[in-house]
Structures are given as structure tokens and as C-alpha cells.
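I opened the notebook today to follow charged side chains and enclosed space through one model. Here is what I looked up, in the order I did it.

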Amino acid sequence: MPIEFTHVPGKTADAAVPFFYDFAETSTKLGLIEDGGFQKIVVDDSAGLLTNMDLASQVLNRTASLQVVLTHWAGVIEPTVAARQLASIDRESGGRLTLRMISEPLNDDDAETRPVGHGVVWQRIDEYLVLLKRLWSNDRPFDHEGAFYSIKSGYVPRKGPHGADLVVRMGGQSGTALKVAGRHADVFELAPGPIDDIRQLMERARGAAAEHGRAGKLRFALPVRIHQGVSAAGHKAVDLSGPPAQVALSLLAYAGLGIDEFMIVGVDTPREIATAGRETLALLRNSLARREASEFQPGAYAPRPGLETRAAG
């Protein structure tokens with residue numbers, strides 16, 4: 001499967017115009033993102049989960065092919081309500097919605113019932129996802145009594161186009177997080193770090209997925225910052241600097257690990273978006289195509305000596 005690129009909008013409280021709050025300008029940026037070689041965009045707003053869902057609908061209505069990666073978490077909306085709303089968004093968009101589950105919200109103001117404790121948080125996420133998938137696939141109402149949720153006659157009459165196969169993205173590094181991600185995640189978002197640490201995390205994630213017979217189904221996404229600037233703050237990413245050809249070469253080394261997707265951070269102005277699409281993304285895509293034509297083998301291309309990367313937050 002070819003490498004995919006996901007746009008991660010900047011999110012800072014001191015930004016003059018937050019990415020999603022001037023939709024006249026946002027629509028222009030969305031067009032550049034869609035035309036520039038990005039397949040997806042992350043919706044992850046500090047205003048909260050309900051705002052994310054509204055923004056996701058607006059983005060999907062203003063684009064033709066761009067997929068929306070909707071940041072979501074358990075504890076704000078009951079599973080039955082969430083299942084209906086998410087199915088509706090996915091259905092109205094023609095199946096362009098992806099669910100990005102995180103362990104905690106960016107802003108706790110609307111997470112009144114958030115449990116305390118890392119293990120408990122992930123247990124609730126696990127139950128939440130089990131219920132969403134069941135609600136997206138069941139053909140008759142069901143009851144459920146669990147550790148965190150109680151459902152009577154749970155049923156979603158109008159399913160999304162993917163049903164229970166809606167793509168779920170997760171991340172994490174703890175054993176507990178990996179256990180839940182191994183059960184549910186289709187895409188695993190990697191934590192930034194040295195390339196050897198990333199390789200090890202990929203192996204751990206595959207091992208967790210293998211326990212559920214899903215090792216071959218797991219894909220990997222890596223957040224990457226290719227431009228510095230205040231608009232990039234708030235995101236942790238592998239920091240790559242230099243001219244487009246150098247950045248593309250660095251990304252090629254990560255692609256050699258078996259990474260399927262790069263989440264591009266810090267590219268927020270129209271000029272940055274257009275330049276990234278025309279130069280860095282195009283260079284990487286062309287390089288990969290040439291290597292695939294020469295029987296490219298994943299893992300065969302280690303980073304060249306002197307390649308410097310660091311995790312930047």
C-alpha cells in the first residue's frame with residue numbers, strides 16, 4: 001500500500017486565527033491540502049469532543065475526497081449516542097470518517113466522569129470500543145451491563161457505510177495501552193523518538209495485535225514536523241529540518257521501517273501547505289515509487305549516517 005500523508009493542523013491558544021475558526025480561510029486551506037497530496041486531516045480541537053464532531057462534519061461537507069481523522073475519547077458521550085452520531089457523520093460523508101481514540105481529552109472541562117488511574121482509563125476505552133462496534137453491527141437491540149456502561153435495548157438503526165469496520169486509530173507505549181490497541185486499532189500512531197525506539201515500539205504493537213490474530217492488519221503512522229513555527233506547538237513529532245530533498249530522504253528511512261503514513265505537523269499557512277505538497281511529499285512519493293519498482297523491501301533502507309532526528313513537542 002502506498003505511503004499516505006495526513007495533515008495535522010496547529011493548535012495554539014495564542015494563534016491569531018485558529019485553523020478551523022475562520023471557515024472562509026479554512027476552506028481555501030482545505031482545498032490546498034486536498035490538492036497537495038494529503039489524504040487525511042486530523043480534527044483535534046481543544047474546545048472538546050462535541051466541537052470536534054461538529055468540525056468534522058463541516059470539513060467533510062467542504063471537501064470531496066479528504067478523509068477526516070476525528071479525535072475522540074470515552075467518558076463524555078454515552079456509547080449509544082456516540083455510535084449514532086458517528087455513524088451519521090460517516091454515512092453523510094460517504095465513508096470518509098476515521099475514529100482516533102486517545103486516552104484523555106486535551107481539556108478536562110467536559111470530562112466530568114473521567115476515571116482516575118491509567119489502567120482504569122484504558123479499561124473504559126476498551127469497553128467503549130467494544131460497545132461501539134457492537135452497536136454498529138447488531139441487527140437487534142441488546143442489553144449490556146459492564147464496569148463503566150449500562151445499556152438497555154441498545155440499537156443503532158442506521159449504520160455507517162463501514163459498519164463495525166470503521167477505521168480506529170490508537171497509540172500508547174504502556175503495556176496496558178498496547179493491549180487495548182492490539183485488540184482494536186487498525187492504525188497505530190507511533191510516539192516520536194530515535195529511529196531504533198520507533199522500530200521497537202512497532203514490534204511491541206505488532207506483538208500485541210498478534211495476540212488477537214491481527215498482526216498483519218496493523219498499519220503505522222508517524223507524526224513528523226517538517227517546518228518550525230508557533231503554529232506547530234502542542235504536537236509531539238519527529239523533527240526533520242533542511243531543504244525538501246533532505247527531509248524526503250529522512251522520511252524515506254522511516255518508510256523503510258514499514259511505516260505506512262506520515263502525519264505532517266506545522267504546515268498551516270497556505271504557502272507552507274502548497275510547498276509541502278509540491279516539494280516534500282512529491283519527492284518522497286516519487287522516491288518510493290522508484291524503489292518499489294526496484295523491488296523495495298521494508299526495513300532494507302536504514303537511515304544514512306549522520307541523520308539527526310529528535311522528538312519535538
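Before counting, I fixed the term: a salt bridge is a side-chain nitrogen of Lys or Arg within 4 Å of a carboxyl oxygen of Asp or Glu. I also kept in mind that this is a predicted model.

**Entry 1: salt bridges.** I searched the whole structure and got twelve salt bridges. I then went through some of the pairs.

I looked at Lys40 and Glu4, whose closest N and O atoms are 2.8 Å apart in a salt bridge. This pair ties together distant parts of the chain, with Lys40 in strand 2 (residues 40–43) and Glu4 in strand 1 (residues 4–8), 36 residues apart. I found both Lys40 and Glu4 buried.

I turned next to Glu25 and Lys29, where the salt bridge is 3.4 Å from N to O. Both residues belong to helix 1 (residues 23–35) and sit four residues apart, about one turn of the helix. Are the two partners buried or partly exposed? Glu25 has 32% relative accessibility, so I list Glu25 as partly exposed. Lys29 has 7%, so Lys29 goes down as buried.

My third pair was Arg169 with Glu261, at 2.9 Å between the closest N and O atoms. Here too the link joins distant parts of the chain: Arg169 is in strand 7 (residues 168–171) and Glu261 in strand 11, 92 residues apart. Arg169 counts as buried because its relative accessibility is 0%.

**Entry 2: Glu261.** I stayed with this residue a little longer. Glu261 lies in strand 11, which spans residues 261–265. Its relative accessibility is 0%, so Glu261 counts as buried. The side chains of Glu261 and Arg169 also show up as a polar contact of 2.9 Å. Leaving out residues up to four places away in sequence, I noted that Glu261 touches several others, among them Glu4, Lys40, Arg169, Val187 and Phe220.

Which residues share a network of salt bridges? I traced Glu4, Lys40, Asp44, Arg100, Arg169, Glu189, Arg219 and Glu261 as linked in one.

**Entry 3: cavities.** Rolling a probe the size of a water molecule over the atoms shows where empty space is left. I counted two cavities of 30 Å³ or more. The largest cavity has a volume of about 40 Å³. I listed its lining as Leu86, Ala87, Asp90, Trp136, Gly160, His162, Gly163 and Leu166. Sorted by type, the lining of the largest cavity has four nonpolar residues, three polar and one charged.

How values were computed: Residues numbered from 1 in each chain as written. Predicted model: local features only at pLDDT ≥ 70, side-chain atom pairs only at ≥ 80, totals over all residues. Heavy atoms only, no water. 1 Å grid on protein atoms, 1.4 Å probe; cavity = no way out; pocket = protein on both sides within 12 Å on 5 of 7 lines; lining within 4 Å. Points joined across faces, edges and corners; volume = space filled by probe spheres on them. Nonpolar A, V, L, I, M, F, W, Y, C, P; charged D, E, K, R; others polar. Helix = DSSP H or I, 4+ residues; strand = E, 2+ residues; numbered from the N terminus. Buried < 20%, exposed > 50% of the residue type's maximum accessible area, 1.4 Å probe, protein only. Polar contact = N/O pair within 3.5 Å; in protein donor to acceptor, adjacent residues only side chain to side chain. Contact = heavy atoms within 4.5 Å.
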